[in-house]
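Biologist: Could you take a close look at one part of this model for me, the way its strands and their side chains fit together? I'd like one connected story rather than a list.

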Amino acid sequence: MNEIKFEIIKTVGILSTSASGWRKELNLIRWNGREPKYDLRDWSADHGKMGKGVTLSAEELTALRALLNTVEV
């Protein structure tokens, strides 16, 4: 299995923290040396482990924001 390389360029924000210390974060991440993308996933406190997540381009993040602005919570 190939190792996934990543660099967290910027932490945009933390949405939640579980009792075990894992945090759901929105970050700008460079995956395997490629162009940075926005990424939403769970991370261990030291960023040594990650859960499954969603990676979005800037255009997709903008579309998601517009969509969320129409949602009544």
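Modeller: I'll go through strand pairing, then rings, then charges, and finish with a few spots outside the strands.

First, some housekeeping. This is a predicted model, so bear in mind that local features need pLDDT of at least 70 and side-chain atom pairs count only at pLDDT 80 or more, while totals for chains, interfaces and linings use all residues. Numbering starts from 1 along each chain as its sequence is written, and side-chain values use heavy atoms, leaving out hydrogens and water.

Let's start with the backbone. Strands here are DSSP runs of E with at least two residues, helices are runs of H or I with at least four, and both are numbered from the N terminus. Two strands pair if DSSP finds at least two bridges between them. β1 and β2 are antiparallel and share nine bridges; one of these contacts on the ladder puts Gly13 opposite Leu26 in β2. The two strands make a hairpin with five residues between them, and Gly21 in that turn has a positive phi of about 100 degrees.

β2 then pairs with β3, again antiparallel, through seven bridges. That hairpin also has five residues between its strands, and here Asn32 is the residue with a positive phi, near 50 degrees. If you want a feel for how far things spread, take Ser18 in the loop between β1 and β2: Ser18 and Arg30 are 12 residues apart in sequence but 25 Å apart in space, C-alpha to C-alpha. Ser18 is partly exposed at 34% relative accessible area, where buried means under 20%, exposed over 50%, and partly exposed in between (1.4 Å probe, protein chains only).

As a general reminder, side chains in a regular strand alternate between the two faces of the sheet.

Now the rings. Phe, Tyr and Trp rings (the six-membered one for Trp) pair if their centres lie within 6.5 Å; planes under 30 degrees apart are stacked, over 60 edge-to-face, and the rest tilted. By that rule there are two aromatic pairs. In the pair of Phe6 and Trp31, the ring centres sit 5.7 Å apart with the planes at 45 degrees, so call it tilted. Phe6 is in β1 (residues 6-17) and Trp31 in β2, so this pair ties together parts that are 25 residues apart in sequence. Phe6 is partly exposed at 31% relative accessible area, whereas Trp31 is buried at 13%.

Phe6 also pairs with Trp43: centres 5.1 Å apart, planes at 50 degrees, so tilted too. This link reaches from β1 to Trp43 in β3, 37 residues along the chain. Trp43 is buried at 0% relative accessibility. Put together, the ring pairs link Phe6, Trp31 and Trp43 into a cluster.

On to the charges. A salt bridge means a side-chain nitrogen of Lys or Arg within 4 Å of a carboxyl oxygen of Asp or Glu, and the structure has four of them. One of them joins Lys24 and Asp42 at 3.2 Å, N to O. Lys24 belongs to β2 (residues 23-31) and Asp42 to β3 (residues 37-43), which puts the partners 18 residues apart. Nicely, Asp42 is also the bridge partner of Lys24 in the strand ladder. Lys24 is partly exposed at 32% relative accessibility, as is Asp42 at 28%.

Another salt bridge runs between Glu25 and Arg23, 2.9 Å from N to O, and Glu25 is buried at 1% relative accessible area. Arg41 and Asp39 form one as well, with their closest N and O atoms 2.7 Å apart; both residues are buried.

Last, the spots outside the strands. Ser57 sits in the loop between β4 (50-56) and α1 (58-68) and is buried at 17% relative accessibility. Leaving out residues up to four places away in sequence, Ser57 touches Lys37 and Tyr38, with contact meaning heavy atoms within 4.5 Å. Val71, in the segment after α1, is partly exposed at 44%. Val71 belongs to a nonpolar surface patch with Leu64, Leu67, Leu68 and Val73, about 530 Å² of accessible area together.

Definitions and conventions
Patch = residues over 30% accessible without salt bridge, like charges linked within 9 Å, V, L, I, M, F, W, Y side chains within 5 Å. Areas by Shrake-Rupley, 256 points an atom, 1.4 Å probe, with all protein chains shown as cover.
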